[in-house]
Amino acid sequence: MSLAYALRALALSVALLAGCASDPRTPFTHSEQMTAVAIGAPNIRYWADATASALQGAVRPAVVQKGRPFVYLALSGGGGGGAFGAGVLNGWSESRTRPEFTIVSGVSTGALIAPFAFLGPDYDDKLRQIYTNGEAQRLIGEPNPLGALFGPGVFGRERLRQLVERYLDDDLIRAIAREDQKGRRLLVVTTNLDAQRAVVWDMGAIATSGEPKAFDLFREVLAASASVPVVFAPQLINVEANDKAFQEMHADGTLSAPIYTLPQAVLFGGKPILRAARPALYVIVNARIDPGFAVVPDQVEAIAAQSLSTLNRVGTKAVLAETYDVASHEGLSFHLSYIGRDHPDSGGTGFETDAMRQLYDYGYEKARSGAFWVTELSQIEAAKDAAKAAADSTIR
């Protein structure tokens, strides 16, 4: 199953079946959206683009234990590229230099990695299984093109949710709740398609809420963040506003936030959150960020796929530049790892088991050797120039 295939189905649905739709949803107003609450818990999420004053009241600050550093890990999207992030984390554990993270944020495939990264090396084996045991390829092995034509996606929303349920059982969510009570924070980003805005979910707050449907919501949010549009159907999340029940439509977090770190106003707004020794920010991008080259066929699906890829790369680099500037200004050490030019692009859908295992091994070996962090954004350009020089030498 490729992005091009999904885009072709989307193009057909727009051109031929614009009047068709799946089951109708309960309508609601913008005002109701702004006051909507999930599972009866008002303090479990906030808009990523909210004002600084609104965020100060909505975000639960992390509590840094005495003698421990403040360490923030941000995990990007990237589909099957998540195998790279899984490999980096496991290789990092093997090197015995991996710290305990104070805050972990995840977007899309990064959201699936985030709970295991948050809980630490004891969960490395489960993380490895998710990205190397062939589950992803089986997940998209039987496409239903009518799902894109008549419904919300080539694959129904149940497949992805079942995968999440298989690996995130109640015991794992309870473990996250225990870590949250120590002051650590786990954040996941989804895109609210109704509002066209990024939503940040405080997963620890959900896990500790005590609400009857909290664990179900926990899994729904993870599945929503990883729901690539057209390919996977968005998740419909039950909410209430003014005693009215309706459903919000949440999809891939990458649509609105390719990487998420708490805004400067929250991290550095006069709070003692970063007063601990050696504050550090680590960013794992589960994709390439250097521009590639390919002669694009003059076909709508190929053009759309290349356009989306370009948009994602440009957006990711813009967020990285902004994050780097804030970290440098505030004395936060910056560390970036991403899929470099030294790993060949295998083509295909990105979810083939062999390709994912190769990406996992690539990330694992880089982390285990210690040569996996870029600490200056200028190093990205230097690596790109070196790769180009090597390619030119080969051509001659």
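# Exercises on a Predicted Model

Strand β2 (residues 71-75) pairs with β3 in the parallel sense, over four bridges. The model under study is predicted.

## Exercise 1. The surroundings of strand β3

Determine which strands flank β3 and establish whether the faces of β3 are buried or exposed.

Solution.

Step 1. On one edge, β2 and β3 run parallel and share four bridges. Within this pairing, Leu75 stands opposite Gly106 of β3. The connection from β2 to β3 passes through α4, and the resulting β-α-β crossover is right-handed.

Step 2. A parallel pairing of five bridges also joins β3 to strand β5 (residues 185-192). Here Val104 is placed opposite Leu186 of β5.

Step 3. The two faces are then examined separately. Ile103, Ser105 and Val107 lie on one side, Val104 and Gly106 on the other, and all of them are buried.

Step 4. Since five of the five residues of β3 are buried, the strand is largely enclosed by the rest of the structure.

## Exercise 2. Salt bridges between separate parts of the chain

For the pairs Arg45 and Glu248, Asp124 and Arg98, and Arg219 and Asp170, state the N to O distance and locate the partners.

Solution.

Step 1. The cut-off for a salt bridge is a nitrogen to oxygen distance within 4 Å. The structure holds 17 salt bridges.

Step 2. For Arg45 and Glu248, the N to O distance is 2.7 Å, and the side chains form a salt bridge. Arg45 belongs to strand β1 (residues 45-47) and Glu248 to strand β9 (residues 244-251), so that the bridge links distant parts of the chain, 203 residues apart. Both partners, Arg45 and Glu248, are buried.

Step 3. The side chains of Asp124 and Arg98 meet at 3.0 Å, N to O. Asp124 is in helix α6 (residues 124-132), whereas Arg98 is in the loop between α4 (82-94) and β3 (103-107); the pair therefore ties together parts 26 residues apart in sequence. Asp124 and Arg98 are both buried.

Step 4. In the salt bridge of Arg219 with Asp170, the closest N and O atoms are 2.5 Å apart. Because Arg219 lies in helix α12 (residues 214-225) and Asp170 in helix α10 (residues 170-180), this pair ties together parts 49 residues apart in sequence.

Step 5. The burial of these last two partners is assigned with the limit of under 20% for buried. Arg219, at 9% relative accessibility, counts as buried. Asp170 has a relative accessible area of 33% and is partly exposed.

Step 6. Elsewhere, salt bridges with shared partners join Arg60, Asp180, Arg185 and Asp202 into one network.

## Exercise 3. The environment of Val164

Identify the residues that Val164 touches, not counting residues up to four places away in sequence.

Solution.

Step 1. Val164 is located in helix α9 (residues 157-167). Its relative accessibility is 2%, and Val164 therefore counts as buried.

Step 2. Outside the excluded range, Val164 touches Leu112, Arg219, Leu222 and Ala223.

Step 3. The C-alpha atoms of Val164 and Leu222 are 7.3 Å apart in space, although the two residues are 58 apart in sequence.

## Exercise 4. The protein as a whole

State what percentage of the residues counts as buried and what percentage of the accessible surface belongs to carbon and sulfur atoms.

Solution.

Step 1. The protein has 16 helices and eleven strands. Of its 396 residues, 51% count as buried.

Step 2. The accessible surface comes to about 18200 Å², and 53% of this area belongs to carbon and sulfur atoms.

Step 3. Among contacts between residues at least 6 apart in sequence, 80% join residues at least 24 apart.

Technical notes:
Residues numbered from 1 in each chain as written. Predicted model: local features only at pLDDT ≥ 70, side-chain atom pairs only at ≥ 80, totals over all residues. Heavy atoms only, no water. Helix = DSSP H or I, 4+ residues; strand = E, 2+ residues; numbered from the N terminus. Buried < 20%, exposed > 50% of the residue type's maximum accessible area, 1.4 Å probe, protein only. Contact = heavy atoms within 4.5 Å. Areas by Shrake-Rupley, 256 points an atom, 1.4 Å probe, with all protein chains shown as cover. Pairing = 2+ DSSP bridges. Right-handed = clockwise from strand over helix to strand, strands pointing away.
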